[in-house]
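Here is a set of short exercises to work through with the model open in your viewer. Try each task before you read its solution.

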Amino acid sequence: MERRKVNLFYGSLFHDIGKAIMRSTGERRKHTLVGADYLKEFLTDLSGQDQQDIIRCLKYHHAKLPTISPTKDDLYYITYIADNIASGTDRRLTDEELESYSDKWDSKTPLYDIFNRFGKKKTENYVNPGKLRFDKLNNIDALLPTDIRKDFNHSNYIDGVLHFGHGLQAMSFTEEYMQSAVNLLEASMDFMPSSTNMEEVADVSLFDHMKLTAAFAMALQQYLEEKKITDYRSELYIHGKAFYAKQAFLMVGFKLTGLENFIYTLTSKGAHKQLRSRSFYAKMISEWFIDCLLKDLELTRANVVYNAGGQGYLLIGNTAQNRETLKKVQAEFNQFLLEHYGITMTILMGAAPFTAGQVMKQNSFKNYNVVFSDIDEMIITQERHQYSVTQINQLNQAGKKRGRECVVCHSVDNVDETEHKCQLCMKLESFSHDIQNEEYFKVDGNSEGLPIGPGAYLSVTTEESIKEGNEAGWIYAKNKMVTGLRQQTYLRFSDYSDLRNNEFSTYAKREWTKEEGDTKTTGIKRMAALRIDVDDLYAGFLGGFAHQGDGKYTTISRYATVSRKISSFFNVYLNELLASYDERVTVINSGGDDVFIIGAWDSILDTLITMDNYFKEWTAEKMSFSAGVYLYHDKMPINIVARRTKELLEAAKLAGKNRVALFTEDNVFTLEEYKNDIDGQMLSTIRRFFDSQASHGKNFIYNLLTLIRERSEEDRISFARLTYFLSRLEEQTSKEEKPNFTKFKRSMIDWFNTKVEIRKAEQSLMLYVYETRED
């Protein structure tokens with residue numbers, strides 16, 4: 001990458017760093033000058049011209065002209081207009097006044113919750129001051145938005161600035177450290193508000209604004225270069241309003257299809273040993289595709305607007321060269337996928353041009369929607385015509401392969417004659433342990449690793465090896481924010497498991513339920529699988545900010561923020577959430593909005609309740625998810641488990657939002673019904689009754705279940721049967737236990753009155769049977 005492009009990246013990415021410095025020190029100077037002076041101390045290794053390029057982006061990005069006339073192609077003009085576009089509104093020609101004591105500025109303002117202006121209902125929640133640290137998520141409750149405002153103070157800003165400065169000391173302002181710079185900025189300034197203007201809504205973080213400014217700046221530079229525009233002053237400053245109407249930018253959408261089939265289509269021996277490794281591997285194929293695409297485009301992760309679950313959006317320059325690059329990288333990767341996995345996985349892409357004016361102050365939901373709709377249409381079209389004539393011929397010429405099949409995935413390619421497994425399954429099986437226990441991974445040309453892209457392979461490395469300079473490949477850290485040479489984006493990955501290995505049958509054995517000195521376990525010896533999917537995520541992504549303020553809050557920065565927040569819940573904080581409740585479950589896969597978890601059946605039900613409660617708090621009850629829960633024997637093949645759990649999820653979503661299908665497709669409840677009525681009320685009533693008496697046992701429950709299942713809406717005699725049955729038993733109950741029985745009898749009669757209530761009662765009785773069964 002040319003040095004000027006590198007300088008533009010750093011100057012644009014760090015353009016507003018002075019805001020954090022000024023709020024930490026209380027300096028009474030303009031943040032443009034404060035930031036320039038601060039960053040200058042870290043640029044000593046650069047040449048004088050390179051230093052000036054970066055410093056001038058910080059110093060003059062509000063277009064306060066220097067006393068010495070700049071050249072017409074000065075980079076700060078690009079940062080200036082990129083900052084305007086990222087802000088979503090035209091800036092004043094004069095610089096912002098001192099935030100620390102101007103009437104319009106409140107430096108104590110905390111970051112507002114991004115969901116305040118999301119949806120139809122306005123909320124007033126705040127994010128607690130702090131910085132992002134994966135290794136210190138000690139209390140997830142402290143990370144939840146709250147309606148109690150806790151002001152930022154100097155020490156909060158000092159903490160973030162010190163973290164930022166410490167990271168800068170460990171890096172150089174070169175191309176190899178560009179992604180590290182993005183990681184560092186997120187880690188230190190994710191919780192800081194971008195603007196503290198009391199007339200604005202401070203719901204976009206300083207990190208998100210600075211990252212988006214760098215994205216627009218780098219994309220804009222590409223456009224200017226192709227158009228051979230060198231007079232930046234005239235194009236972007238003097239005639240800036242005219243530039244806003246030019247289609248200078250391209251929004252790119254991508255989708256890696258077939259991930260679900262790749263992860264779950266395992267039928268037999270050894271499948272459980274590589275479930276999570278397949279999930280991680282599929283994620284890494286998607287991540288490596290993005291990084292290869294960005295490398296060829298000469299861009300960084302700053303240009304990624306959204307990325308989760310194998311799909312996302314990138315913001316790039318609208319140039320012919322970029323369009324050709326998109327086609328080339330897509331074709332190369334799809335050829336790689338075809339050669340290794342046949343038609344299992346494919347990358348689909350679409351791109352739509354847009355103007356700066358479409359995403360600024362005078363925007364509308366319609367202007368945004370047309371961009372993403374165009375991308376969707378292209379992806380759908382590609383999905384219908386996935387393979388070229390050459391590729392179809394390639395598949396046909398291969399014919400139906402014969403030979404011994406892999407006992408795990410049934411492939412006949414590269415099957416080891418001794419293990420009877422293909423090479424990929426053998427590598428994935430051994431890789432499972434590394435995924436759970438290792439933190440650092442590398443991608444290089446060593447074919448001993450897992451093939452992850454054209455000529456690229458994934459393997460494990462160590463922190464020591466990286467620090468000693470032994471690794472020449474690209475480095476990835478899992479759930480660990482680090483800065484270093486050739487360090488790529490950190491991997492958000494839910495890998496919680498209370499097991500030290502992948503022997504999932506442990507969940508069915510229920511050894512933890514044994515009383516001391518007893519050989520019997522308690523509870524049905526079954527496992528359960530939980531599948532979760534966010535309701536109407538895509539519609540929310542596009543239209544979530546269209547309702548309030550006539551759509552004026554619809555901005556790319558808010559799109560990016562809300563997407564990252566949802567992804568963080570499922571890919572970062574889910575680990576801490578499950579650990580804090582000590583759940584006996586294992587996260588198999590967690591995408592941007594799609595989660596698959598297996599474990600002890602009762603822990604799965606507890607996990608469902610916990611996740612629903614926290615997700616609603618996380619999103620200010622503006623979003624919800626639906627779920628399917630499947631009960632199964634530990635010997636059942638995982639492909640069947642995954643398929644049936646998905647069918648239950650689809651049944652839940654068909655019934656409406658925030659539903660759960662428990663065990664069967666016709667057993668659907670709202671999550672509030674399950675949490676409050678079944679688990680919270682009815683099951684508790686049943687437990688109290690049976691645990692406090694000895695006269696009536698399992699036969700009594702089975703008789704009740706029979707009466708419930710024979711109930712008819714048209715035939716009221718079934719109600720009389722229940723009443724008669726309970727009354728007779730009441731007469732036979734001892735004097736001491738009769739009050740409890742009478743109370744339970746009244747509850748059962750009340751529940752029997754409606755179809756909905758009796759379904760809940762039936763489910764509650766069954767859950768009690770499951771949890772008290774002894775083996």
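The accessible surface of the protein chain comes to about 32,800 Å², and 47% of that area belongs to carbon and sulfur atoms. Please keep in mind that this is a predicted model.

**Exercise 1. The whole chain**

Task: Find how many helices and strands the protein chain has, and what percentage of its residues count as buried.

Solution. Start with the secondary structure: the protein chain holds 27 helices and 16 strands. Next, turn to burial: 58% of the 775 residues count as buried. Finally, look at the contacts between residues at least 6 apart in sequence: 70% of them join residues at least 24 apart.

**Exercise 2. An open sheet**

Task: Work out the strand order of the open sheet of 6 strands, and say which strands stand at the edges.

Solution. Reading across the sheet, the order is β12-β13-β11-β14-β15-β16, and the pairing is mixed. The edge strands are β12 (585-590) and β16 (668-670); each has a single partner strand, so one side of each is left without a neighbour in the sheet. From one strand to the next, the twist averages 20°.

Now zoom in on one pair. Strand β11 (residues 527-534) runs antiparallel to strand β13 (residues 594-600), with 7 bridges between them. To check the register, find Ala-529: the residue opposite, in β13, is Ile-598.

Last, look for a helix packed on this sheet. Helix α27 (residues 755-772) lies across β14 (625-632), β15 (659-662) and β16, and runs at about 105° to β16.

**Exercise 3. A strand with two partners**

Task: Decide how many residues of strand β3 (residues 249-257) are buried, and how many bridges join β3 to strand β5 and to strand β6.

Solution. Burial comes first: 8 of the 9 residues of β3 are buried, which leaves the strand mostly covered. Then take the partners in turn. Strand β5 (residues 311-317) is antiparallel to β3 and joined to it by 7 bridges; here Leu-250 has Ile-316 as its bridge partner. Strand β6 (residues 346-354) is also antiparallel to β3, with 9 bridges, and Leu-256 is matched with Ile-347 in β6.

A general point helps when you inspect such strands: in a regular strand the side chains alternate between the two faces of the sheet.

**Exercise 4. A covered helix**

Task: List the buried residues of helix α3, then name elements that cover them.

Solution. Helix α3 spans residues 31-40, and 7 of its 10 residues are buried. These are His-31, Thr-32, Val-34, Gly-35, Ala-36, Tyr-38 and Leu-39. The cover over them includes α2 (17-25), α4 (48-59) and α6 (154-169).

**Exercise 5. Two loop residues in contact**

Task: Is Arg-301 buried or exposed, and which residues does Arg-301 contact beyond its neighbours within four places in sequence?

Solution. First locate the residue: Arg-301 sits in the loop between α12 (275-297) and β4 (304-308). Its relative accessibility is 8%, and because the cut-off for buried is under 20%, Arg-301 counts as buried. Next, follow the side chain, which makes a polar contact of 2.9 Å with the side chain of Asp-291. The wider contact list is Gln-179, Lys-211, Glu-287, Ile-290, Asp-291, Leu-294, Asn-307 and Thr-489.

Now step across to Thr-489, in the loop between β10 (474-477) and α18 (506-509). Thr-489 is buried too, with a relative accessible area of 11%. Setting aside residues up to four places away in sequence, Thr-489 touches Gln-179, Asn-183, Glu-287, Arg-301 and Tyr-476. Comparing the lists, Gln-179 and Glu-287 appear for both residues.

**Exercise 6. Sequence distance and space**

Task: How far apart in space are the C-alpha atoms of Ile-229 and Asp-73, and those of Val-370 and Ala-352?

Solution. Ile-229 lies in the loop between α8 (206-226) and α9 (232-238) and is buried at 18% relative accessibility. The C-alpha atoms of Ile-229 and Asp-73 are 8.9 Å apart, although 156 residues separate them along the chain.

Val-370 belongs to helix α14 (residues 365-384) and is partly exposed, at 38% relative accessibility. From Val-370 to Ala-352, 18 residues away in sequence, the C-alpha distance is 8.9 Å.

Definitions and conventions:
Residues numbered from 1 in each chain as written. Predicted model: local features only at pLDDT ≥ 70, side-chain atom pairs only at ≥ 80, totals over all residues. Heavy atoms only, no water. Helix = DSSP H or I, 4+ residues; strand = E, 2+ residues; numbered from the N terminus. Buried < 20%, exposed > 50% of the residue type's maximum accessible area, 1.4 Å probe, protein only. Contact = heavy atoms within 4.5 Å. Areas by Shrake-Rupley, 256 points an atom, 1.4 Å probe, with all protein chains shown as cover. Polar contact = N/O pair within 3.5 Å; in protein donor to acceptor, adjacent residues only side chain to side chain. Pairing = 2+ DSSP bridges. Axes fitted to C-alpha atoms, helices over the stretch in contact; angles between N-to-C directions.
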